[in-house]
Amino acid sequence: MSRSTIRAWYLVHKWSSIVCTGFLLMLCVTGLPLIFHDEIDSLTGGRPEIVGVRADAPLKSLDELMQTALATRPGEVGLFMSFDEDRPVVNITTGPTPDAPAAKMTTRAFDRRTGALVGTFDGGGVIAFLLKLHTDMFLGLPGMLFLGLMGVLFFVAIVSGVVLYAPFMRKLAFGTVRVSRSTRLKWLDYHNLLGIVVLAWASVVGVTGVINTLATPIIQLWQRNDLAEMTAAYKDTKAPSPGRLASINAAVETAKAAAPGNQPQFVAFPGGGFSSRHHYAVFLQGETPITKRLLTPALVDAETGKLTAIRPLPWYAQALLVSQPLHFGDYGGLPLKILWAILDLFTLVILGSGLYLWLGKRRTPLDARVREVETGGAVEPVATA
């Protein structure tokens, strides 16, 4: 690699890293507790246990549970119904209108065997705060897209770092950390070693993070294309009144019959963004760790109870669904979460050491830094006055 090429890659690595480092430090710090959000929720009472009923007790109908939920929220309508995967609990979201904004929604969890209220999701708490900071910095879609741009710069920094790693390590054994030389060279060796160790993980988390920031545009694209096509026949049809809606329980069973081997993950009610004015949208999931994420929406006429359309989500929406749990290490249980946390800590060291290396030699000529890369640190850059 010529000196001019190394110089160009060095500048790409330097500026892409400098611009995104502050935000990545925030994302790594807030992402660490989010990896263990399930465990933290259990310890803090955010996911109360349900006891005192036989495990094989019969389940109440979804319609009965919805009536129970609405009985204490007069004037509201059902918006969503989702299902816990590991316990007989249904989470019911209600609101004043079918298209109510998130701020006016109320979500509560009910025991499917007894109909008892077992929890309320108020959107507060430390985990909710950290998640909001991590995903959009409380700025909504502009914040999400901005963090997505930082993720792209992070990936550029990774690629350029790998390119520079090759000439730097040409004369050094893998894992070399020269602790007897200067403090700067020691941290440069740590920076390079940890960087190459977390390369694959950082790339995966960075790319999935960028995809996650596009969640809103991706959902809107699905609504404009696939959902509009699936409900085109109902475009000029009057929406059924809330009092004439078909059975929710029957709608879910109809959807399950259309996709054997699948289970409902959540139901979107008529009038919301994930359905039409005329349908229950039953989102079905498979049984394996991967197919649980690949949802298939089945649209059931909310007045007649008949299935009108069913098709998998398009590839871009599937990519979003797969990337969300992968970003937080949700695929492999606690062992994978612990690995994710360790790699997250390594990344914090990489970011901190990169910042230290830049701040310590800001006045060093560019040619001296390039020579340092070429010699693998044998010639350290000297700052000018």
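In this predicted model, strand β1 (residues 77-83) and strand β5 (residues 263-268) run antiparallel and are joined by three bridges. One point of contact is easy to find on screen: S82 of β1 stands opposite F266 in β5. Strand β1 also pairs with β2 in the antiparallel sense, here over six bridges, and in this pairing F80 stands opposite T93. The two strands β1 and β2 form a hairpin, with five residues between them. Six of the seven residues of β1 are buried, so this strand is largely enclosed by the rest of the structure.

The sheet can be followed further from β2 (residues 89-95), which pairs with β3 in the antiparallel sense over six bridges. Within this pairing, V89 has D111 of β3 as its bridge partner. Strand β3 (residues 106-111) is mostly covered, with six of its six residues buried. Its side chains alternate in direction: T106, R108 and F110 point one way, while T107, A109 and D111 point the other way, and all are buried. On to β4 (residues 117-121), four bridges join this strand to β3, and the two run antiparallel. Here the bridge partner of R108 is T120 in β4. Strands β3 and β4 form a hairpin with five residues between them, and G115 in the turn has a positive phi of about 80°.

Aromatic side chains come next. Ring pairs link F80, W222, F266, F274 and F283 into a cluster. Two members of this cluster have already appeared in the strand pairings: F80 stands opposite T93, and F266 lies in β5 opposite S82. Across the structure, the count comes to twelve aromatic pairs. One of them joins F129 and F138 in a tilted arrangement, 5.3 Å centre to centre with 40° between the planes. Both rings of this pair are partly exposed, F129 at 45% relative accessibility and F138 at 44%. W315 and Y316 form another pair, this one edge-to-face, with 5.7 Å centre to centre and 85° between the planes. The two partners contrast in their surroundings: W315 counts as exposed at 70% relative accessibility, whereas Y316 is buried, with a relative accessible area of 14%.

On the surface, V179, W187, Y190, V349 and Y356 make a nonpolar patch of about 420 Å². Helices α6 (183-197) and α11 (333-360) each supply at least two of the patch residues. Y356, which lies in helix α11, counts as partly exposed at 37% relative accessibility.

Turning to charged side chains, a search of the whole structure finds 16 salt bridges. R311 takes part in a salt bridge with D226, where the closest N and O atoms are 3.4 Å apart. This pair links distant parts of the chain, since R311 lies in the loop between β8 (307-310) and α10 (315-327) and D226 in helix α8 (residues 215-230), 85 residues apart. R311 is partly exposed at 29% relative accessibility, while D226 is buried at 12%. The side chain of R311 also meets that of E229 in a salt bridge, at 3.3 Å from N to O. E229 lies in helix α8 and R311 in the loop between β8 and α10, so this pair ties together parts that are 82 residues apart in sequence. In contrast to the buried D226, E229 counts as exposed at 53% relative accessibility.

A local example is found in helix α9. K256 forms a salt bridge with E253, the closest N and O atoms being 3.7 Å apart. The two residues are separated by about one helical turn, because they are three residues apart in helix α9 (residues 248-258). Both are partly exposed, K256 with a relative accessible area of 24% and E253 at 41% relative accessibility. Elsewhere, D38, E39 and K337 are linked in a network of salt bridges.

Finally, the cysteines: why does the structure hold zero disulfides? A disulfide is a covalent bond between the sulfur atoms of two cysteines. The closest cysteine sulfur to that of C20 is in C28, but the two are 10 Å apart, which is too far for a bond; a disulfide would need the sulfur atoms within 2.5 Å. Both cysteines are buried, C20 with a relative accessible area of 2% and C28 at 8% relative accessibility.

Definitions and conventions
Residues are numbered from 1 along each chain as its sequence is written. Side-chain values use heavy atoms; hydrogens and water are left out. Buried means under 20% relative accessible area, exposed over 50%, partly exposed in between (1.4 Å probe, protein chains only). Two strands pair if DSSP finds at least two bridges between them. Patches are made of residues with over 30% relative accessible area and no salt bridge: like charges are joined within 9 Å, nonpolar side chains (Val, Leu, Ile, Met, Phe, Trp, Tyr) within 5 Å. Accessible areas come from the Shrake-Rupley method with a 1.4 Å probe; for residues, only the protein chains shown count as cover. A salt bridge is a side-chain nitrogen of Lys or Arg within 4 Å of a carboxyl oxygen of Asp or Glu. Rings of Phe, Tyr and Trp (its six-membered ring) pair if their centres lie within 6.5 Å; planes under 30 degrees apart count as stacked, over 60 as edge-to-face and the rest as tilted.
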